[in-house]
Amino acid sequence: GIGGVTGAALFQALALVNGPLALVQPLFVLELPFALLIAVPLLHSGLPPAGWRAVAGVVAGLALLLVSAAPAGAKHQASMERWIPALALCLGAMATAVVLARTGRSALFRAAVLAAAAAIGNALTAALLKSATGTFAASGLPAFLTAWQTYGFALTGVGTLLLLENALQAGALEASQPALTIGDATVSLVLGVTLFDERVRTGWWLVPEAIGVGLILWGVLRLTRVVPHIQQTLVGEGGARGRAEDRTPRRSPDV
């Protein structure tokens with residue numbers, strides 16, 4: 001698992017060096033469909049028809065969104081005049097979400113706000129990673145190791161991972177996954193435009209972009225309902241195997 005995370009971070013860095021933040025980060029929407037498609041055969045389960053329709057909805061929505069928005073821009077660095085308000089707003093929003101989660105009584109509310117904080121952290125980590133890897137590509141390893149963005153993305157990445165773990169433990173996926181999916185893409189888009197002067201289409205293109213976002217949200221919500229179905233199937237099969245394999249004589253309740 002740690003090897004997979006390391007490889008993902010490496011490929012994310014390579015993608016951010018070669019493409020705009022507003023293009024790379026929304027592709028992480030595909031994480032949940034890919035996770036299910038990998039888990040289903042490994043766990044000897046099946047994806048119901050509703051799950052396949054949801055996967056198709058996520059893929060179609062993402063394609064429509066990216067084709068309509070057409071993110072562009074190749075800038076890797078931003079001035080401190082831009083970094084300071086971006087860091088203040090992102091870190092402030094994450095801290096506020098943590099406070100709200102600690103005071104909230106509903107498990108769904110806590111999962112949603114912690115997932116929103118993790119989404120903001122993911123976007124901020126990606127922005128810092130893009131800047132740091134841009135420094136590495138332009139000036140080499142010594143400049144990379146002395147850039148503040150390098151240590152910034154390491155710290156925010158660890159903090160975001162902790163927030164994500166707490167979000168997933170706080171409540172159901174129906175509450176956390178939509179906030180993670182839409183929040184990461186939205187904040188990444190804003191950071192790409194404000195920090196790196198990236199460009200996306202506006203005007204009437206906003207209509208298909210909104211349709212794409214709607215398809216993504218619908219598909220993610222449907223997929224989060226498929227996960228409990230798979231879990232129940234696995235639990236049922238595991239229990240049946242356990243009962244079939246258990247040949248130990250039953251003792252009386254008194255004993």
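Colleague: Let's start with Trp52. What does Trp52 count as at 48% relative accessibility?

Modeller: The general idea is to set the value against two cut-offs: buried means under 20% relative accessible area, and exposed means over 50%. Trp52 has 48% relative accessibility, so Trp52 counts as partly exposed. Please keep in mind that this is a predicted model.

Colleague: Thanks! Where does Trp52 sit in the fold?

Modeller: Trp52 belongs to helix α4, which covers residues 49–69. For the wider setting, the protein chain has 10 helices and 0 strands, so its pattern along the sequence is written as α-α-α-α-α-α-α-α-α-α. Of its 255 residues, 39% count as buried.

Colleague: Which residues form a nonpolar patch on the surface with Trp52?

Modeller: To read a patch, look at its members, their combined area and the elements they come from. Here Trp52 is joined by Phe34, Leu37, Ile38, Leu42 and Leu43. Together, the patch residues have about 630 Å² of accessible area. Helix α3, residues 31–42, gives the largest share of the patch, with 4 residues.

Colleague: Now the largest pocket. How much space lies in it, and which residues lie nearest its centre?

Modeller: For a pocket, go from volume to lining to chemistry. The largest pocket holds about 1600 Å³ of space. Its lining has 46 residues, with Val5, Phe28, Glu31, Asn122 and Leu164 lying nearest the centre.

Colleague: Which helices supply at least two residues of that lining, and what is its make-up by class?

Modeller: The helices are α1 (2–18), α3, α6 (107–139), α8 (148–170), α9 (173–196) and α10 (206–245). The largest share of the lining, 9 residues, comes from α1. By class, the lining of the largest pocket has 33 nonpolar, 11 polar and 2 charged residues.

Colleague: One more feature: the backbone angle phi. What is the phi of Ala70, and what is the phi of Asp197?

Modeller: The general idea is that most residues other than glycine have a negative phi. Ala70 has a phi near 45°, a positive value in a residue other than glycine. Asp197 also has a positive phi, near 55°.

Colleague: Where is Ala70 placed, and where is Asp197 placed?

Modeller: Ala70 is in the loop between α4 and α5 (80–103), while Asp197 is in the loop between α9 and α10. You can use the accessibility cut-offs again here. Ala70 has a relative accessible area of 30%, so Ala70 is partly exposed. Asp197, at 34% relative accessibility, therefore counts as partly exposed.

Notes
Residues are numbered from 1 along each chain as its sequence is written. This is a predicted model: local features need pLDDT of at least 70, side-chain atom pairs count only at pLDDT 80 or more; totals for chains, interfaces and linings use all residues. Side-chain values use heavy atoms; hydrogens and water are left out. Patches are made of residues with over 30% relative accessible area and no salt bridge: like charges are joined within 9 Å, nonpolar side chains (Val, Leu, Ile, Met, Phe, Trp, Tyr) within 5 Å. Accessible areas come from the Shrake-Rupley method with a 1.4 Å probe; for residues, only the protein chains shown count as cover. A salt bridge is a side-chain nitrogen of Lys or Arg within 4 Å of a carboxyl oxygen of Asp or Glu. Buried means under 20% relative accessible area, exposed over 50%, partly exposed in between (1.4 Å probe, protein chains only). On a 1 Å grid over the protein atoms alone, a cavity is a set of points where a 1.4 Å probe fits but cannot get out, and a pocket is an open set with protein on both sides within 12 Å along at least five of seven lines; lining residues have an atom within 4 Å of a point. Grid points are joined across faces, edges and corners, and a volume is the space filled by probe spheres set on the points. Ala, Val, Leu, Ile, Met, Phe, Trp, Tyr, Cys and Pro count as nonpolar, Asp, Glu, Lys and Arg as charged, and the others, Gly among them, as polar.
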